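Biologist: Could you walk me through how to read the features of a model like this one? I'd like the general idea each time, then the case at hand.

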Amino acid sequence: MGQDMSTQTLNSIASKELYIQYDWYRNTFPPIVQEACDEFFLPGFKFEMIGISKNINALMDKESYFVTKIMIDKQYDMFFRSSEKAISLILDRVLGKPNRSFNLNRMTDLEAKIITAFNDYMFNMASKLLNPPPANELRRTNFDVIHLTFVIKDTEEPKFGKFIVSLPAALLTPAEIISKGEKFDNTTFKTSTLDVKIKIGSTKFSMYDLKNLDIEDMVIFDNSNTKKMTLVIDDYEKEIKLNPNLGLITPIDDNNGGENMGANNLWDSIEVEMSAEFDAVKITLGDLKNIEDGMVVDLTSIYDNKVTLKVEDKIIARGELVIVNDRYGVKISEVVAQQKAGAAPAATADEFTEENNDFVDNEPAGEIEDETPAADQQDEEFDYSDFELDDEDI
């Protein structure tokens, strides 16, 4: 584990160095690589640098490469890696298109000599940008090589390949971008807003009560507290304290609210976790930054928002926030997922008669037009069948 942490630290340090050095590499090596290509093959290819890395494994991407290693001295080497697609692109222009598709494993001596000669020519030009090797011996490590990744494109055809140049970092003196201080005052974005979620609480709800949920019903959340809610931004959650809006208080005795008197079978007795949250709430970055443990947050605007009830992230109903004793509740104003007991099954084509004026003779059998409004289709409704049990499961 310690070794993994050490590797992660080194990689992190290396990445930060490359971030501030990238501009130097971007302005220094691509012109040399392009010039070498134009002089060796004549114009027709375009080299574009797309990345810089100290980890060669992240660049190879399971492709086959032709590798040329050229010694600078006993200590240092340069490597030129050409992908199979890059070599095929070059050889098609230089030797003409062959009758067979190019395969790196069946590369001929002539093809290998052309690519090797090109790499030698590029080395002679690129090595001029390197510092002379130091006289003293340096210990080699896994993090002393810089890999520059290029894409080589044919200017006349939509073909491209990958080309990687590996340089010894000890022979380079890259210029670094020097920070001149903070570009923005922290107060600049204080009034900017972002959308956050406010979780009210949750409660256990039986399937019987769920499928019989109706408008004007009241749902009380056992796992809630009128003095706190949970603020959610992506995967981050923070418990916040609130001054309850006393205008929401509903004096109701709900001591018997948890009993499922109508449940008369196993399926109806199944309990699911129902949660409640407000629609997206806007909060300024300044307010968000100032939220601390124990601080009371003023979010009075949320009391005007609609509350959504969910089971397994599927919308069940919507309503208005109320306070019952020391807990939050929701008074239902809309039921999204509603399954009425005893509902008649959908009619089939065979059940239509001549008296039914809605029947269309030329409508394909088995196709039923979905007349659900577009707005409703955006919400994923709760499917009660997710909890149905087969006979053998009971």
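**Reading the model, feature by feature**

Modeller: Let's start with a salt bridge: Glu237 pairs with Lys199, and their closest N and O atoms are 3.4 Å apart. This pair connects distant parts of the chain, with Glu237 in strand 9 and Lys199 in strand 6 (residues 193-206), 38 residues apart. Before we go on, this is a predicted model, so local features need pLDDT of at least 70 and side-chain atom pairs count only at pLDDT 80 or more, while totals for chains, interfaces and linings use all residues. Residues are numbered from 1 along each chain as its sequence is written, and side-chain values use heavy atoms, leaving out hydrogens and water.

Biologist: What counts as a salt bridge here?

Modeller: The general idea is that side chains of opposite charge can pair when their charged atoms come close. The cut-off is a side-chain nitrogen of Lys or Arg within 4 Å of a carboxyl oxygen of Asp or Glu. The structure has 18 of these salt bridges.

Biologist: And how do you label the strands and helices?

Modeller: They are DSSP runs numbered from the N terminus: helices are H or I with at least four residues, strands are E with at least two. For this chain that gives eight helices and 15 strands.

Biologist: Are Glu237 and Lys199 buried or exposed?

Modeller: Neither label fits. Buried means under 20% relative accessible area, exposed means over 50%, and partly exposed lies in between (1.4 Å probe, protein chains only). Glu237 comes out partly exposed at 47%, and Lys199 is partly exposed at 35%. Over the whole chain of 394 residues, 37% count as buried.

Biologist: Which residue does Lys306 meet in a salt bridge?

Modeller: Lys306 meets Glu320, at 3.5 Å from N to O. Here too distant parts of the chain are linked: Lys306 sits in the loop between strand 12 (296-297) and strand 13, Glu320 is in strand 14, and they are 14 residues apart. Lys306 is partly exposed at 38% relative accessible area, and so is Glu320, at 44%.

Biologist: Which residues are linked in a network of salt bridges?

Modeller: Asp92, Lys97, Glu157 and Lys159 are. Within that network, the closest N and O atoms of Glu157 and Lys159 are 3.5 Å apart. Glu157 is partly exposed at 29% relative accessible area, and Lys159 is partly exposed at 31%.

Biologist: What about polar contacts? How do I read one of those?

Modeller: Look for a pair of N or O atoms within 3.5 Å; within protein, one must be able to donate a hydrogen and the other to accept it, and residues adjacent in sequence count only if both atoms are side-chain atoms. Take Arg327, whose side chain makes such a contact with the side chain of Asp222 at 2.7 Å. Arg327 belongs to strand 15 (residues 327-335) and is buried, with a relative accessible area of 19%.

Biologist: Now the aromatic rings. How many aromatic pairs does a search of the whole structure find?

Modeller: It finds 13. One of them is Phe41 with Phe45, an edge-to-face pair at 5.8 Å centre to centre with 80° between the planes. In general, a pair of aromatic rings is described by the distance of the centres and the angle of the planes. Rings of Phe, Tyr and Trp (its six-membered ring) pair if their centres lie within 6.5 Å; planes under 30 degrees apart are stacked, over 60 edge-to-face, and the rest tilted. Both Phe41 and Phe45 are buried.

Biologist: Which pair would show me the tilted case?

Modeller: Try Phe47 and Phe118, 6.5 Å centre to centre with 35° between the planes. Phe47 lies in strand 1 (residues 45-53) and Phe118 in helix 4 (residues 109-126), so this pair ties together parts that are 71 residues apart in sequence. Both of these rings' residues, Phe47 and Phe118, are buried. One aromatic cluster includes Phe41, Phe45, Phe47 and Phe118, with Tyr121 also among its members.

Biologist: Last one: where do I find positive phi values outside glycine?

Modeller: Look at Asp234, with phi near 55°, and Glu312, with phi of about 50°. Asp234 is in the loop between strand 8 (228-233) and strand 9 (236-242), and is exposed at 73% relative accessible area. Glu312 is in the loop between strand 13 (307-311) and strand 14 (314-324), and is exposed at 51%.
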